[in-house]
Structure formats: structure tokens, C-alpha cells
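Please open the model in your viewer and keep the sequence panel beside it. The tour below proceeds by selection, one stop at a time.

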Amino acid sequence: MKKLLCLMGFALLAGCQTGVKIDKSYTSENQDSRSLFLVLHYTVGNFQSSLNMLTKASSRPVSSHYLVSESPVRTYQLVDENRRAWHAGPSYWKGHSNLNAASIGIEIVNPGRKKNPDGTESYVPFDEAQMDEVVALSAEIVKRHNIRPDRIVGHGEIQPRSKQDPGPFFPWKRLHEAGLIGWPDEALVAAKKAEFELALPDVRWFQERLAQHGFAAASSGEFDAYTRDCLVAFQMRYRPANFDGQMDAETAALLFTVTAPDGLKMKQPPVDRATAKPYTSRW
Ligand SMILES: [Zn+2]
């Protein structure tokens, strides 16, 4: 009779649900967020073109969880955090690849590079209030998903061959000041820089340290285009005044420091320490 009522068009009546009945009496303590990474981008476009690109179907569909506009500054959520957005492309960081499956993406409205009258190109600085918003949004996401400091990355770091965003003007130091990422111990950098000025490590050393830091390995022993791309991405974060991609003593000192056991300093206790929980992700 009940079945008959449903078939007669009363499907919305209570008691007519179909499917497996799930008992949620028990919850495992052994779990964490699927979002292990936070990836930062700039859009290379104005707000409207960025919004179209990130929301409309196309032959090369892309999306991000968040889009932060600049005038006015506003955060738009385009994809639910529990869903996968398509922003990272072919990517790698510290043993993980295809980061779309395990990351939250923030796109920042910014043109990227602009052409100068003399024909050269330069990067376009970010709006200050827009950066306040990005730092605040990042802090909230990191707290929600307990994202590790070493997994907050730029697109250019996880795809150095073809991407440079969020570029040399992105204020990584501000994420450090907010307690979200580590920063190289300045005393150690200074000491190692003096040392490396006397004897610069060889290409293989640079490649091994880049890989140890997180980049997809390039251990050819040759100073190739890929190694240069990785150095550009590394310098954009830690030494944005000069990101020529060359091997020099300061870059070596920074690479040594970020891969040294206690070389990266946190400004404040990481988010999870504040909530008295260990980093739950084991992978
Ligand atoms: Zn990007």
C-alpha cells in the first residue's frame, strides 16, 4: 500500500525515501580534510573576464574556489570547498601531484604582467586592501582545513615550467606575519651567504635542494631551463627583488636555510597548535 501511494505521486511524503539508510552513530577519530594545500594565483585579467573564465564552460574549463576582486575588494566563492576546482593543472609539490584533488584555490584579480612603453614587460603590484582580504581569507581556510605551512604554495611553485603566478609582488612575508607560513632564519641565511660567496655549490646541489624543498626534481646536473624556472619561482617568494633564476650565493643560502631542520621560523604558533591538535595529515 505504501509503495502504491508513492507510485501514485506522493513521493514527497515522509516515509517514501529510497536508498540505503545510513546510521551515523559512530564517527572515526582517524580522518582529516581532503584539502591538504592552499594554492594562490593571479587571474591575468580584469574582474569580468576573470569571472567569465572561472565560471563558464569552455574548451579549456578552469575554476577556483575563491575569486578576490580589487575594486571593490570582495571575495566570491565559485566552488564549494568540499568540491574539486580546476585551478592547479599538471602540478607537483613535496610528493603530491595533480593538486586539484587536494587543494583549495584562490584566484586574485590582477593583470599579471603589463607591457611597458619601451617594449619590456613588468609585473603589476597588487592592491593593498585586496591583499588584506587574501591574507584574512587564507587564514580562515588554513584554520578550517588545518593546512600545513609548507603546503601553502603559489601556482608558479607547483607548475614552474609554465606558470609564474602569483608573481613577485605577492606578499608572502605577510602570510608569514599572520602565522601561516615559515620564513628563512635571517642569521642562518647571512652566515651561509658569506660561506657560499667563497664557494658556490654546483648545479646538482641546487637541484637537490630545490627537490628537497618541494619542487618536482630536476637532477640532470645541467643548468637547464627547468632548473632556472624553479629558481625563479623560489626567488619570487623569498627574494622578490631579484628573480633572474640564476644560481648565486644568496639564493644558495636561502635554499640551504629552507631545507635545514630548523631553518624556517614561524611567527606565531601554527594554527593546529593553538587548538592543541597535532597535524593530523600523515601523508
Ligand atoms: Zn594560476
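## The nonpolar core

Begin with I106, I152, F170 and L175: of the 54 residues in the largest nonpolar core, these touch the most other members. Then select helix α8, residues 225-238, which gives the most to this core, with 8 residues. Bear in mind throughout that this is a predicted model.

Next, centre the view on I106 and display its surroundings. Leaving aside residues up to four places away in sequence, I106 touches L38, V39, L40, H41, Y66, V68, L137, S138 and I141. Two of these contacts, S138 and H41, serve as the next stops.

## S138 in helix α3

Select S138, which is found in helix α3 (residues 128-145). Is S138 buried or exposed? With a relative accessible area of 0%, S138 is buried; the cut-off for that term is under 20%. Its contacts, not counting residues up to four places away in sequence, are L38, L40, I106, L175 and L180.

## The zinc site

Now move to the zinc ion and show the atoms around it. Which protein atoms are its donors? They are ND1 of H41, ND1 of H155 and OD of D165, lying 2.0 to 2.1 Å from the ion. Along the sequence, the spacing of these donor residues is H-x113-H-x9-D. H41 lies in strand β1 (residues 37-42), whereas D165 lies in the loop between α4 (155-158) and α5 (172-177), so the pair ties together parts that are 124 residues apart in sequence.

Colouring by accessibility is useful here. H41 counts as buried at 0% relative accessibility, and D165 is buried as well, with a relative accessible area of 5%.

## Two cis peptide bonds

Remain at D165 and step to P166. The peptide bond joining D165 and P166 is cis, with omega about 10°. P166 has its place in the loop between α4 and α5.

For another cis bond, select S71 and P72. The peptide bond from S71 to P72 is cis, with omega near 0°. P72 is found in the loop between β2 (66-70) and β3 (73-77).

## Positive phi angles

Select V44, in the loop between β1 and α2 (47-55). Although V44 is not a glycine, it has a positive phi of about 60°. V44 is exposed, its relative accessible area being 55%.

K94 is the next selection, in the loop between β4 (92-93) and β5 (96-97). K94 is likewise not a glycine, and its phi is positive at about 50°. At 35% relative accessibility, K94 counts as partly exposed.

## Helices α7 and α9

Finish with helix α7 (residues 203-213) and helix α9 (residues 249-258). How do they pack, and at what angle? Their axes are 9 Å apart and the angle is about 40°, which makes α7 oblique to α9. The crossing of the two helices, α7 and α9, is left-handed.

To view this interface, show W205, F206, R209, L210 and H213 in α7; they meet T251, A252, L255, F256 and V258 in α9.

Lastly, keep α9 alone selected. Helix α9 is mostly covered, with 8 of its 10 residues buried: A249, T251, A252, A253, L254, L255, T257 and V258. To see what covers these buried residues, restore β10 (183-184), α6 (186-198), α7, α8 and β11 (264-265), which are included in that cover.

Key
Residues numbered from 1 in each chain as written. Predicted model: local features only at pLDDT ≥ 70, side-chain atom pairs only at ≥ 80, totals over all residues. Heavy atoms only, no water. Donors = N, O, S within 2.8 Å, 3.2 Å for Na, K, Ca; no water. Helix = DSSP H or I, 4+ residues; strand = E, 2+ residues; numbered from the N terminus. Buried < 20%, exposed > 50% of the residue type's maximum accessible area, 1.4 Å probe, protein only. Core = buried A, V, L, I, M, F, W, Y, C linked by side-chain atoms within 4.5 Å. Contact = heavy atoms within 4.5 Å. Axes fitted to C-alpha atoms, helices over the stretch in contact; angles between N-to-C directions. Parallel < 35°, antiparallel > 145°, perpendicular 65-115°, else oblique. Left-handed = near helix turned anticlockwise from the far one by under 90°.
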